[in-house]
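Okay, thanks everyone, let me get the picture up on the screen. I'll talk through a few helices and a couple of single residues.

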Amino acid sequence: MIWLTWRQFRTPALAMLGALAAAAIFLVVTGTQLRHSYDSALASCGGQGGCGSAMSALAAHYAVPSYVFSALLTAVPGIVGAFWGAPLIARELEAGTHRLVWNQSVTRTRWLMVKLLAVGLAAVVGTGLLSLLVSWWAAPIDRINNNRFIPLLFDARGVAPLGYAAFAFTLGACAGLLLRRSVPAMAVTLTVFTAVQLLMPIAIRPHLVTPVRADVALNAAAINSARLIGTTGRGPDAHFEAELTMPGAWVLSGATPAINAAGRTVTMGQTCSAAARADWTSCVADAGLRVPISYEPADRYWTVQWSETAFFLALSAGLAGFCAWWLRRLT
């Protein structure tokens, strides 16, 4: 079975190796140039606080290729699932070649598992190597931006793409087994995988690891770095509201009303004098208010990565088990 699977899969495997080799050459060459630019910019500013503008300019210069590489890597698991997973069983059922194998000593379960493990492992390893290359290439830019939890970047870094590749591949195999047609199975695989990728950072990822909850002081530094700060309403009855950021962390809470030391929301009239309301930013900074937030600290990046990878590997195992159960029901 392994030899037969290799004979059927060798052309896509060799194409994958060629694409990986080309991507490796390009990413190593341009990544070396990026590192040289990063080291030069760091040396020119002495590595002190004045490096902010130089680093920002470097990150802006490489922003487009960074997002392009990340977007391409995010699309690779879906492509693997559609073009490798979906035809894996559907093509055999369409052509009727599965009967030749099933009439031999090979059981249906063994036939399926060898295909899933051999081709699926190649898909996961290929995606993992590409993720390693892109993560290495983008490391200086990620160090400057200091926020690896951004959805597109998170999906294209670390070990998460391995879970996506395993899930997309087994999803494609299940779609092919159920629909018994390659083209419809490819379309369903791409549609479902895209929907899951869009849903993941919104509805699933925030619940994989219990977030940290804290009250952050609404001082001048927090106000200057906030994504959003303002008042709900107008006049003395308005409440202060802020959506804060934390360096390197993933802030899950959105715009939240500020509270005082007693844990109660306060109005502008209770906090600021009438004369201070013209400059309400300074008034808020001096009022001793806090904003309750929930967040994933920067040091939990790999915890979230491994949790999400385990989540998709579990889905893949469930899909593979379903395929084995469904295959035994086929007449």
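**Helix H8 and its surroundings**

So, Val 183 is exposed, because its relative accessible area is 62%, and over 50% is what we call exposed. Keep in mind that this is a predicted model. Val 183 sits in helix H8. Look across from there to Phe 83: the two are 100 residues apart along the chain, and their C-alpha atoms are separated by 9.4 Å.

Okay, staying with H8, which covers residues 182-204. Which of the H8 residues are buried? The list is Ser 182, Ala 185, Met 186, Thr 189, Phe 193, Val 196, Gln 197, Met 200 and Pro 201. There's also a kink in H8, about 30°, at Leu 198, and the proline Pro 201 follows shortly after.

Now, who does H8 pack against? One partner is helix H12, residues 301-329, with an angle of about 130° and the axes 13 Å apart. That angle is why H8 counts as oblique to H12, and the crossing is right-handed. On the H8 side you've got Val 196, Gln 197, Met 200 and Ile 204, and they meet Glu 308, Phe 311 and Phe 312 of H12. By type, the residues of that contact come out as five nonpolar, one polar and one charged. Val 196, Gln 197 and Met 200 were also among the buried residues of H8.

**A second helix pair**

Next up, H2 and H5. H2 is residues 51-61, H5 is residues 108-145, and their axes come within 10 Å, crossing at roughly 130°. So H2 and H5 are oblique to each other too, but here the crossing is left-handed. Met 55, Ser 56, Leu 58 and Ala 59 of H2 make the contact, together with Ile 141, Ile 144 and Asn 145 from H5. The split for this contact is five nonpolar, two polar and no charged.

**One arginine to finish**

Last one: Arg 157, in the loop between helix H6 (151-155) and helix H7 (160-179). Is Arg 157 buried or exposed? Buried, because its relative accessibility is 3%, and the cut-off is under 20%. And what does Arg 157 touch, if you skip residues up to four places away in sequence? There are four serines on the list, Ser 66, Ser 70, Ser 131 and Ser 135, plus Val 134, Ala 138, Asp 142, Tyr 301 and Gln 305.

Right, that's my set, over to you.

Key
Residues numbered from 1 in each chain as written. Predicted model: local features only at pLDDT ≥ 70, side-chain atom pairs only at ≥ 80, totals over all residues. Heavy atoms only, no water. Bend = angle between axes of the 7 residues up to and from the residue. Helix = DSSP H or I, 4+ residues; strand = E, 2+ residues; numbered from the N terminus. Buried < 20%, exposed > 50% of the residue type's maximum accessible area, 1.4 Å probe, protein only. Axes fitted to C-alpha atoms, helices over the stretch in contact; angles between N-to-C directions. Parallel < 35°, antiparallel > 145°, perpendicular 65-115°, else oblique. Left-handed = near helix turned anticlockwise from the far one by under 90°. Contact = heavy atoms within 4.5 Å. Nonpolar A, V, L, I, M, F, W, Y, C, P; charged D, E, K, R; others polar.
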